[in-house]
Amino acid sequence: MEALGLLLHGFAVLLTWKTLVLMMVGLVLGIFVGVLPGLGGPNGVAILLPLTFTMDPTSAIVMLSCIYWGALFGGAITSILFNIPGEAWSVATTFDGYPMAQQGRAAEALTAAFTSSFVGSLVAVLLITFLAPMISSFALKFGPPEFFAVYLLTFCSFVGLGREAKHKTVISMSLGLLLAGIGMDTVSGSLRMTFGSPELLRGINFLVAVIGLFGISEILLTMEERLALRGHAASISLRVVLGVWKDLPKYWVTLLRSSFIGCWLGITPGGAIAASFMGYNLAKRFAKEPASFGKGRIEGVFAPETAAHASGTSALLPMLALGIPGSGTAAILLGGLMVWGLNPGPLLFVEHKDFVWGLIASMYLGNVVGLVLVLTTVPIFASILRVPFAAVAPMIVVSCAIGAYAIQNAMFDVWLMLGFGVVGYVFKKIGIPLAPFTLALVLGNRAEDAFRLSMIGSGGTLKVFWSNGLVGSITTLALLLLFWPVIDGLLGRTGRRAAGQNDGATKS
Amino acid sequence: MSQTDIEIVVEDPTAPEDDSPSVVSSGTIEIFVCLLLLALAVTLGYDNWRTGASWDATGPEPGYFPFYLSVILAGGSLYGLIAALLARRASPGTFVTRAQGRRVLAVFVPTLLFCLATQFLGLYVASFLLIAGFMRLVGRIALWKSLLTAFAFTAVMFVTFDVAFDVIMPKGPLEAALGR
């Protein structure tokens, strides 16, 4: 297999002392932000991104992705020991994880969580290893119309499949696309929406917005809540770990099902949060005694954790293969790629083999190292929560400011970050989703360029988006997804009528 | 088995009370945000119209895309505005209570001052002031601990960014006096 050879090459790129040290640093920082209340994967990656600006791209992405793995691992610790989900996708883990801790089985629950995270990521990485090169080589044939169709598909699926109120998703996305357009127009070179301000000439930097939206706003949101907590301390002994691992084969159906759900929802923009709940609910539905869920069943930890990690990892697949992020964190990593001077898209696999395969190899290695690290250091990380938030909050603010300034060496960006912090806070509180905004901001210019290049190529006719089978079906699918709620509503009405008749029949 | 009897307990003495009165309802904020977005959409839409938002021989002009996006944004916020106005009486959800608002301002105002201080005193001095001040005044942590933590953190940041990674931060009179 060609992929295996390239993967081995990736490991060779990776196995230097410098990279391994960066990996450890990334993992530790990641677990740290995962454990801290109010900071999670996307925030951690956004805040720590500036550290990597002066590194070479491979070291940088290895460190950043390890921060991400670490944050994914860290979220489980607080869910199980404190009943506080460190991340939205660890909410489902608390259902059975915390009861287990209360019964004195915290070590077992933690081992289960970490192990299943590892399994979920592993399945997703295997998928990336074999699928991503295929997709990207297929996508090499794409011209601007195909790319625009794929972007359109991404945007439409957010609107059509998102759980939030539709008009709020539309607001969030169109605002993101608009702000992406500020500054110099790349096709014609004319200025747009700058209102004569030299600061706006550069445009609004994606990462500055992200640091404000996710970093600063999270601090504001966290402060609103009661920060007192009370939880179990736990250390994991080797005997417990081996005990859980010995029983692992018994749960292969749960693990496999959750991995599959996770991969599917990760690639499509369903996300890790939906995946973890779906994994949990399906495990419960297929269990012999569903009533025992929620009272400390180990499957109740396996199912959501596997799904969340499979989803979080496979979200990187479309980012690597097509340059389209499958999650908020993937969008930030994509922003990072651009800062390091790489052009995301299918060409990445051809032009930057070292980078891509180094990253994929780091996913394998990072997860193995991460698993060992969390299993051995849980007590230390659990005690991080003893550090008062009043000390952590200003440090995070300073890190955010350093990050925002470092991107373009501009004080204006620090103010912009503060502004986005307020926007993020208000948006989150009134239910306007931030993920479509992030995605639109990072993809906006590329989508517009693709559209305008297609128009120049076709002489200004929209028929180009249906000019061949491939682009035609993607465009049609996109429009179908956009109007999916309407279609689903119509289908649901007829379906419900049929179901209503059935219900009536069984009741009588 | 694990030592689950050891509990980790963290208190939050200044936690917002649960029965604190609401300052403003979510509905009101939603209406306000929609109005702001509408104004933004109109401003940006007008600017793009001026740039040229029509379709010439080679496809769309520079303002074409953003103009129609402004239209979509205006539509979305208009819909949101109407929805919020209609739902206003039905669900008086709280946006923020007085106690929560106080705590949020307790972070926001120092952050604002920190940004100002960064502009004039440089980032490292501002960072020291923010951390020490916040820990002491908001967190009620002992003065020596606050000063020590602030100094240590600022020093680590300086060494990491300025010395090790060559990422240059805004600097002020103190750094100038020290010759950096």
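Visitor: How many residues of chain A are in contact with chain B, and what makes two residues count as a contact?

Guide: In this predicted model, 67 residues of chain A are in contact with 71 residues of chain B. Two residues are in contact if their C-beta atoms, placed from the backbone, lie within 7 Å. Because the model is predicted, local features need pLDDT of at least 70 and side-chain atom pairs count only at pLDDT 80 or more, while totals for chains, interfaces and linings use all residues. Residues are numbered from 1 along each chain as its sequence is written, chains are lettered from A, and ligands are numbered from 1 in the order in which they are written.

Visitor: Which element gives the largest share of the side of chain A that touches chain B?

Guide: That share, 11 residues, comes from α19(A). Elements giving two or more residues to this side include α6 (106–139), α18 (353–383), α20 (411–429) and β3 (229–232) of chain A. Helices and strands here are DSSP runs numbered from the N terminus (helices H or I, at least four residues; strands E, at least two).

Visitor: How is the side of chain A that touches chain B divided by class?

Guide: It has 44 nonpolar, 13 polar and 10 charged residues. Ala, Val, Leu, Ile, Met, Phe, Trp, Tyr, Cys and Pro count as nonpolar, Asp, Glu, Lys and Arg as charged, and the others, Gly among them, as polar.

Visitor: Why is chain A called as compact as a globular protein of its length?

Guide: Chain A has 23 helices and 3 strands. Its radius of gyration is 23 Å, close to the 23 Å that the globule rule gives for 508 residues, so the description applies. The radius is taken over C-alpha atoms, and the rule is 2.2 Å times the number of residues to the power 0.38. The C-alpha atoms of chain A fill a box of roughly 70 × 65 × 50 Å along the principal axes.

Visitor: What percentage of the residues of chain A count as buried, and what percentage of chain B?

Guide: In chain A, 61% of the 508 residues count as buried; in chain B, buried residues make up 33% of 180. A residue is buried if 20 or more other C-beta atoms lie within 10 Å of its own, exposed if 12 or fewer, and partly exposed in between.

Visitor: What makes Leu40(B) partly exposed?

Guide: Leu40(B) belongs to helix α1 (residues 26–51) of chain B. It has 17 other C-beta atoms within 10 Å, a count between the two cut-offs, and is therefore partly exposed.

Visitor: How do you know whether Arg140(B) is buried or exposed?

Guide: Arg140(B) has 12 other C-beta atoms within 10 Å; the exposed class takes 12 or fewer, so Arg140(B) is exposed. This residue is in the loop between α4 and α5 (143–164) of chain B, and its phi is positive, about 50°, although it is not a glycine. In chain A, Asn409(A) has 11 C-beta neighbours inside 10 Å and counts as exposed. Asn409(A) lies in the loop between α19 and α20 of chain A, with a positive phi near 50°. Most residues other than glycine have a negative phi.

Visitor: Why are α3(B) and α4(B) called roughly antiparallel?

Guide: Helix α3 (residues 98–121) of chain B and helix α4 (residues 123–138) of chain B pack at about 155°, with their axes 8 Å apart. That angle makes α3(B) roughly antiparallel to α4(B), because angles over 145 degrees take that name (under 35 roughly parallel, 65 to 115 roughly perpendicular, the rest oblique). The residues that meet include Phe114(B) and Leu121(B) in α3(B), and Leu129(B) and Phe134(B) in α4(B). By class, this contact has 12 nonpolar, 2 polar and no charged residues.

Visitor: What makes α5(A) and α14(A) roughly antiparallel to each other?

Guide: The axes of helix α5 (residues 91–102) of chain A and helix α14 (residues 299–314) of chain A come within 8 Å and cross at roughly 165°. The two helices are therefore roughly antiparallel. Among the residues that meet are Phe95(A) and Asp96(A) in α5(A), and Pro304(A) and Glu305(A) in α14(A). The contact divides into 4 nonpolar, 3 polar and 2 charged residues.

Definitions and conventions:
Axes fitted to C-alpha atoms, helices over the stretch in contact; angles between N-to-C directions.
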